[in-house]
Each structure stands twice: as structure tokens, then as C-alpha cells.
Amino acid sequence: MSADKPSRRITIADIARMYEEGERFATITAYDYPTARIVDEAGIPLILVGDSLGMVMLGYDTTVRVNIDEMLHHTRAVARGAKRALVVGDMPFLSYGVSQEESVEHAGRFLSEAYAQAVKIEGGVRSARTIEAIVGSGIPVMGHIGLTPQSVNALGGHRVQGRSKESARKLIADALAVQEAGAFAVVLELVPAELARAITERLSIPTIGIGAGPHTSAEIQVITDVIGLTQGFTPRHARRFGEVGEAVSQAVHAYRDAVLSGAFPGPSESSSMDPTVLDEVLGRSVLDRASSSMAIPLDRDL
Ligand code: KIV
């Protein structure tokens with residue numbers, strides 16, 4: 001299922017096959033239609049509409065502020081842009097885990113209203129029953145353990161997880177619980193590379209690392225970090241593969257300067273009309289027109 005293969009929608013069965021064949025894959029987040037198109041055309045097999053949306057696109061100070069309507073709105077846009085990639089909608093804070101019924105209902109909205117093919121939920125052992133209920137209702141689930149940003153207040157900050165004996169054991173138990181509950185893949189966020197490798201070796205579903213070293217089955221990154229659109233803090237595990245923010249800034253400056261100098265819009269960006277029609281509308285003569293300051297050279301006149 002490599003980038004140049006043609007094209008029906010990728011399913012969780014394809015992800016399982018890639019994993020079984022040892023095919024490492026890159027996944028990424030997207031939040032809007034044009035970016036989803038670019039990512040899809042690059043052959044990325046899975047797009048996550050992450051709740052990182054809240055911080056990198058909506059300007060909130062934490063992902064906890066994102067609500068389900070915002071997630072559905074952006075997931076819909078991504079689903080329209082991604083013709084081939086599996087689209088995973090991230091269930092926001094407290095949209096799952098309060099009751100099984102509500103969790104299943106909210107997960108269902110990502111498929112029926114936003115056209116995602118799967119959902120992601122955070123938490124290992126503590127979310128296992130919820131994962132089971134959602135998977136049991138026919139909705140594929142991607143797990144997420146390690147640093148789970150929705151619990152950042154409980155975890156005491158954005159720190160690497162699993163460095164102590166106790167927390168490493170807990171993470172292995174979390175990974176196994178998520179697998180046992182029926183998730184088709186699990187994100188490992190901010191986990192020491194050695195532990196991520198050990199977890200990957202113990203699972204029979206793909207691990208998707210972010211800040212988890214090179215030994216996971218796949219990698220995921222937040223797109224604004226990768227393309228150079230993140231302003232301010234960029235996590236240590238991210239690498240800028242482009243400078244889109246700089247490119248956008250240069251384009252906006254050039255546009256503003258061209259408007260102010262009169263260089264834009266020019267003849268090729270304007271349209272014209274039969275001057276006699278306007279003469280009649282304005283009740284003026286050809287001579288009036290010749291002296292009018294409106295007589296700018298347009299496309300047709302050149
Ligand atoms: O919200 C998000 O972007 C995520 C990824 C970091 C995995 O959960």
C-alpha cells in the first residue's frame with residue numbers, strides 16, 4: 001500500500017496488512033480541506049484530525065477546550081479533501097468515558113456526520129471498556145497512551161512518560177489493555193525510545209509514535225510542526241521540514257506592497273466593458289470619457 005498505488009479508501013484492514021508486512025508508514029494530522037488534499041495526494045495512508053486543532057488552529061491554550069462540534073466541523077472538511085486516506089477523528093475531552101452510551105453515540109457522530117472512518121480516544125486501562133463498547137458498535141478505534149494531552153493537568157505537564165519502573169510497567173499494561181479492547185492501532189506519545197520498542201515488540205497491532213523514537217510501527221506528527229507553521233513553542237520531538245509560515249508571511253507582504261504601489265491588480269487581473277455602454281449609463285460624451293481619470297488600460301484595450 002505504498003504512496004504510488006492506486007486508489008480506493010484505505011481501511012483498517014489495509015493498515016493491518018501494512019503492519020503484518022513490516023511496512024513502516026508516516027501519518028500526520030490535518031484540520032482543513034486544502035491541507036487534507038495535499039496530505040492525501042502525498043500518499044499518507046492515515047490522517048488524524050487531532051484535537052491539537054484547538055491549539056494549533058483555533059488558538060486555545062489547551063486541547064481540553066475543543067468541543068465535539070468544532071471537531072466534527074474540521075473532520076468533515078478533512079474527509080472532503082482526503083479521497084484515499086483513512087480519516088480518524090479525535091474524540092475531544094469528556095466526549096467519551098462519562099458513560100458508554102454517550103461515548104458510542106459521540107463516536108458514531110464522527111462517522112455519520114463527519115464522514116471519518118475511525119475515532120481516536122486517549123487512555124489505556126482506564127479507557128479499555130470505552131474502546132470495547134465503541135469497537136463493539138462497529139466503529140474502529142485508535143488508542144493513545146503515554147502523554148495524553150487531555151489529562152495534562154493530572155499528569156503534571158507535558159513530560160516524557162514511562163521513565164520510572166512503575167510508570168513503564170503501567171504503560172505496557174495500558175498498551176496491552178488498548179489492544180485487548182479491540183483498537184486497530186495505538187499512538188505512543190512522549191515515551192522513551194527503548195520502552196516504545198519494547199511495547200511495539202509485545203503488541204500485534206501497530207504502534208504509532210510521536211516523541212517515541214524510531215522503533216515504532218509508524219510515526220505521527222502534528223502538521224503545523226512539520227511544515228513550519230507552528231508559532232512559538234515547538235516540541236523537541238518535531239522537525240520542521242518546510243517553512244510555510246515564512247512563505248505565507250512573504251506572500252502577504254508582497255501582496256500588501258503591490259496593492260499599495262498600484263502594481264496589483266493589473267490589466268490581466270481586471271476585466272473591462274464596452275466603453276460606449278458606460279458612456280450611456282453615465283450620460284457622458286466620448287470627449288468626457290477621454291478626459292476621465294477612469295481611462296485605465298485594461299486587458300481588452302492593450
Ligand atoms: O491531537 C493530536 O494531534 C494528537 C497527536 C499528537 C497524536 O493526538
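What is the volume of the second largest pocket? The answer is about 520 Å³. This report covers that pocket, the largest pocket, the ligand and a few backbone features. The model is predicted.

**The second largest pocket**

The second largest pocket is lined by 24 residues. Ile28, Gln221, Val226, Ile227 and Phe241 are the closest to its centre. Four elements give two or more residues to this lining: β1 (25–29), α2 (33–41), β8 and α10. By class, the lining has 15 nonpolar residues, 5 polar ones and 4 charged ones.

**The largest pocket**

The largest pocket has a volume of about 1,100 Å³. Its lining counts 44 residues. Closest to the centre are His158, Glu189, Asp225, Pro235 and His237. Elements that supply two or more lining residues are α3 (53–56), β6 (185–189), β8 (218–221) and α10 (223–227). In this lining, 21 residues are nonpolar, 14 are polar and 9 are charged.

Two elements link the two pockets. β8 and α10 each give two or more residues to the lining of the largest pocket, and β8 and α10 do so for the second largest pocket as well.

**The ligand**

Where does the ligand sit? It sits in the largest pocket. Twelve names make up its surroundings: Thr29, Leu48, Gly50, Asp51, Ser52, Asp90, Lys120, His144, Val187, Glu189, Ile210 and Val222. This shell divides into 4 nonpolar, 4 polar and 4 charged residues. Glu189 is around the ligand, and Glu189 is also among the lining residues closest to the centre of the largest pocket.

Three side chains have polar atoms listed against a ligand oxygen. The table gives each distance.

| Residue | Side-chain atom to an oxygen atom of the ligand |
|---|---|
| Asp51 | 3.0 Å, from an N or O atom |
| Ser52 | 2.5 Å, from an N or O atom |
| Asp90 | 3.3 Å, from a polar atom |

How much of the ligand's accessible area does the protein cover? On its own, the ligand has 260 Å² of accessible area. The protein covers 96% of that.

**Backbone features**

Which residues does a cis peptide bond join? The pair is Phe264 and Pro265, with omega about -5°. Pro265 belongs to the loop between α11 (244–261) and α12 (275–282).

Two leucines have positive phi values. Leu94 has phi near 65°, and Leu94 is not a glycine. Leu94 lies in the loop that runs between β3 (86–90) and α5 (100–112). Leu190 has phi near 50°, again a positive value in a residue other than glycine. The loop that holds Leu190 lies between β6 and α9 (193–202). β6 is also one of the elements that give two or more residues to the lining of the largest pocket.

**In brief**

The ligand sits in the largest pocket, and the protein covers 96% of the ligand's accessible area. Asp51, Ser52 and Asp90 each place a polar side-chain atom at a listed distance from a ligand oxygen.

Conventions:
Residues are numbered from 1 along each chain as its sequence is written. This is a predicted model: local features need pLDDT of at least 70, side-chain atom pairs count only at pLDDT 80 or more; totals for chains, interfaces and linings use all residues. Side-chain values use heavy atoms; hydrogens and water are left out. A residue is near a molecule or strand if one of its heavy atoms lies within 4 Å of it. A polar contact is a pair of N or O atoms within 3.5 Å; within protein, one must be able to donate a hydrogen and the other to accept it, and residues adjacent in sequence count only if both atoms are side-chain atoms. Accessible areas come from the Shrake-Rupley method with a 1.4 Å probe; for residues, only the protein chains shown count as cover. On a 1 Å grid over the protein atoms alone, a cavity is a set of points where a 1.4 Å probe fits but cannot get out, and a pocket is an open set with protein on both sides within 12 Å along at least five of seven lines; lining residues have an atom within 4 Å of a point. A molecule sits in a cavity or pocket if more than half of its atoms lie within 2 Å of its grid points. Ala, Val, Leu, Ile, Met, Phe, Trp, Tyr, Cys and Pro count as nonpolar, Asp, Glu, Lys and Arg as charged, and the others, Gly among them, as polar. Grid points are joined across faces, edges and corners, and a volume is the space filled by probe spheres set on the points.
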